[in-house]
Each structure stands twice: as C-alpha cells, then as structure tokens.
Amino acid sequence: MRSAIDCRSSEAGSGIGPALATQEQHRMVPMPRLRTIILPILLIALLVGGWTGVWHWGSGRAEEVIERWLASEAANGRVITCGERRNGGYPFRMEITCLKPVVEMRDEARPYQTYRFERLHVTSQIWSPGHVIAEATGPMTMANEADASVVTGNWRLAQASAQLNIGGYDNSSFVLDDVVVTRDGAPVLKAVRGEFHTKPNQTDPLSVDVVSKLTGAVFASQTSPPVDTEVQLIARKLLRTASRPQPLPPRQWQAAGGSIDLILLRIAQGDALGLAKGTLRLTADGRPDGQVELRVANIESALEASGLRASLGPIALGAVTMASRPTDVEGRPGRLLTLRASEGRLQVGPLRLGLPVILP
C-alpha cells in the first residue's frame, strides 16, 4: 500500500517541474523586449553625443576661420572688433552674434574712418557650411577723423549672403531695404531698396562680375522724382588671387592693370532716361582714363535733374546738343554723347574739361 501511495505521490509531485519551468519562461519573456527598448535609446544617445562633438568641433573650426579672417582684414587696414561675441545655433546651425561691432578703416593715405553698428548676426547651416548669411542691425554711424560731421544710416533690412568654396567663392549678395542716410540730421539719401551682387568672372578668375541696383532713391532734399539705377560691369584684375576673394586696394588695383568694363549703366528719373557703356581705368596719377558712350532720352529733363541747367544756365542745352548726335534710347528719340577721358581731360565733342584726381 505504501509503495502504491509513494508512487502516486511521486507521480503527483512530478507535475511541479513543468509548472516551475513555465513560471521561469514567463519571467524570461520581458528580456528581449527590454533589449528592444534599451538598444535604440543607447544608439540615439551615441548619435546625439557624436553630433554634439561634431558641432562643437565645427564651431571651433569656424572660430579659427573667423580669427584668421579678422587678422587678414586688420593687416589690410580694416580692423573689426566686437563688444561681445557669442556662438550658438546648436544643433543644426552655426551662429555667431557680434554685439556693438566697430569697423575701423585705417588707410595711411586717407583719414581714418570708423563705422559703428548695433548688432551683426552670422548664420551657416550644418549641411551647407559654405552658405553664409549675415544680418546687420542699425543704426550705423560713421565718423571721419578729418570731418567733425557724423553720418548715420538706418534700414528695415540689411542682409548679406555668400556661397563660399575651397577654391574661393561662387557668389555674394547684399540687400538693403528702406534705407535712410543722414549727415548731422540732414537727409543725404533715401531709397526703397538697394542690391549689390558679385560673382567671379568665368574667363578671368581674378576679375569680378558686378550687378547693382538702387530703386526709389531720393538724394538730399531733392523734390524731383526718385531715381532708379542699374549697373552691370566687370571689375578686371580686382582680386589678389583666385582662391582669396579679397579686393586689392585702389593703388594696387591700378598698378595691376585693373579696369572697369561698363556693360550697362541705366538711370531713370521721371521721363528722363540715360544709358551708358564703355571702359574705364585709372592713370598712374589717379585720374580717370577711357571712353564711355552715353545715350539720353528727354535731354531737357535730364539736365534739369542733374543740376547742369541750373549751373550752366541757358547754354547747357545748346552745348549738349552741339556735342551730341541723334540716337535711339529704348525706342525713344534721344542724343548720343561720347565721353573720352585722356591725359587728365574729359572731351565731349568740342568741349574739354579738367578731371579730378580720384586716388590720393
């Protein structure tokens, strides 16, 4: 009997093993799920840490580039300082904020000039580090050591952008909206918009293509209609090297054989219109040299707007008519004047006028 009972007990007890095994299996089930959660978290943490390191490394490199650029500018007489400089933009941008920036133009041949701004903000995206955007906050004040007057400028927007690469730069742009310039409180210039665009010339890497526009410009206390201008030109031999987009100082540019190919100068004011093209350079003594063709529609309005009629009196129209010939100006009748600058003189038809020295 005992043997039978022991056998049954043993058989009953033998069910405990599978029950415990089942419990162990239930305990081990969460482990794969735990790994599924922890591993992505660790991976994300590593990526964030790595990205943070890359950003700080890039920020440090940007700081080194800025310091080298500032030293280069200072060596060329342009000293730029910040009252306070801050870095930021993490995680996807590089940002540098310069508070109370000051630019000093230290040219031994000219009086020193000092420009003061409120703020300069420079941004570059991580995925496009060569594309740099800068915004300046006004007002800007300019002081000249040889002049006690103070020039002040203000604007709604002042933004510059440049596309840089290892071999130099691809293009640059500067835009001003709603700009006002005064001298000791008196108006000097008001304009709705100003634009300035440059890019390397395709055939000569030392030369620069320039396009500039000024819209709705009113000069001083001018009561005549606002002026719209557009300039397209090639500045020959302007850069030091193809990989260093820094303009030569005027004297060095002249000595290097620099010149201006004026592709288009368009000036419109009211019903007057002027178009010009030609080539200009500077002589060794700093005077203009070259030839420009000027076409003017509605010559009387142009003389009135330029102030020549007021300064020359009734002979102004006759003199211009004598020195010009009929031509077409964008489908309108006008006059063609050929302006020749040579040996310090400007010749317009039979008229010869003295030219000032542009370079000191």
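Mentor: In this model, a residue is buried under 20% relative accessible area, exposed over 50%, and partly exposed in between, computed with a 1.4 Å probe on protein chains only. The model is predicted, so local features need pLDDT of at least 70 and side-chain atom pairs count only at pLDDT 80 or more, while totals for chains, interfaces and linings use all residues. Residues are numbered from 1 along each chain as its sequence is written, and side-chain values use heavy atoms, with hydrogens and water left out.

Trainee: Why is Arg-266 called partly exposed?

Mentor: Its relative accessible area is 26%. Because this value lies between 20% and 50%, Arg-266 is partly exposed.

Trainee: What makes the contact of Glu-330 with Arg-266 a salt bridge?

Mentor: The term requires a side-chain nitrogen of Lys or Arg within 4 Å of a carboxyl oxygen of Asp or Glu. The closest N and O atoms of Glu-330 and Arg-266 are 3.0 Å apart, so the pair qualifies. The two residues belong to distant parts of the chain, 64 residues apart: Arg-266 is in strand 17 (residues 259-269), and Glu-330 is in the loop between strand 20 (325-329) and strand 21 (332-342). A strand here is a DSSP run of E with at least two residues, numbered from the N terminus. Glu-330 is partly exposed at 46% relative accessibility.

Trainee: Which residues are joined into one network by salt bridges that share partners?

Mentor: They are Arg-156, Asp-177, Asp-178, Arg-193 and Glu-195. Within this group, the side chains of Arg-193 and Glu-195 meet at 2.9 Å, N to O. By this rule the model has 14 salt bridges.

Trainee: Why does the salt bridge of Glu-118 and Lys-100 tie together separate parts?

Mentor: Glu-118 lies in the loop between strand 5 and strand 6 (119-125), and Lys-100 in the loop between strand 3 (93-99) and strand 4, so the pair ties together parts 18 residues apart in sequence. Their closest N and O atoms are 2.8 Å apart. Lys-100, at 47%, is partly exposed, and Glu-118, at 33%, is partly exposed as well.

Trainee: How do you know that strand 4 and strand 5 are paired?

Mentor: Pairing requires that DSSP finds at least two bridges between two strands. Strand 4 (residues 102-105) and strand 5 (residues 113-116) are joined by 4 bridges, so they pair, and they run antiparallel.

Trainee: What is the bridge partner of Arg-116 in strand 8?

Mentor: The partner is Thr-141. Arg-116 is also the bridge partner of Val-102. Strand 5 and strand 8 (residues 140-144) are joined by 4 bridges and run antiparallel.
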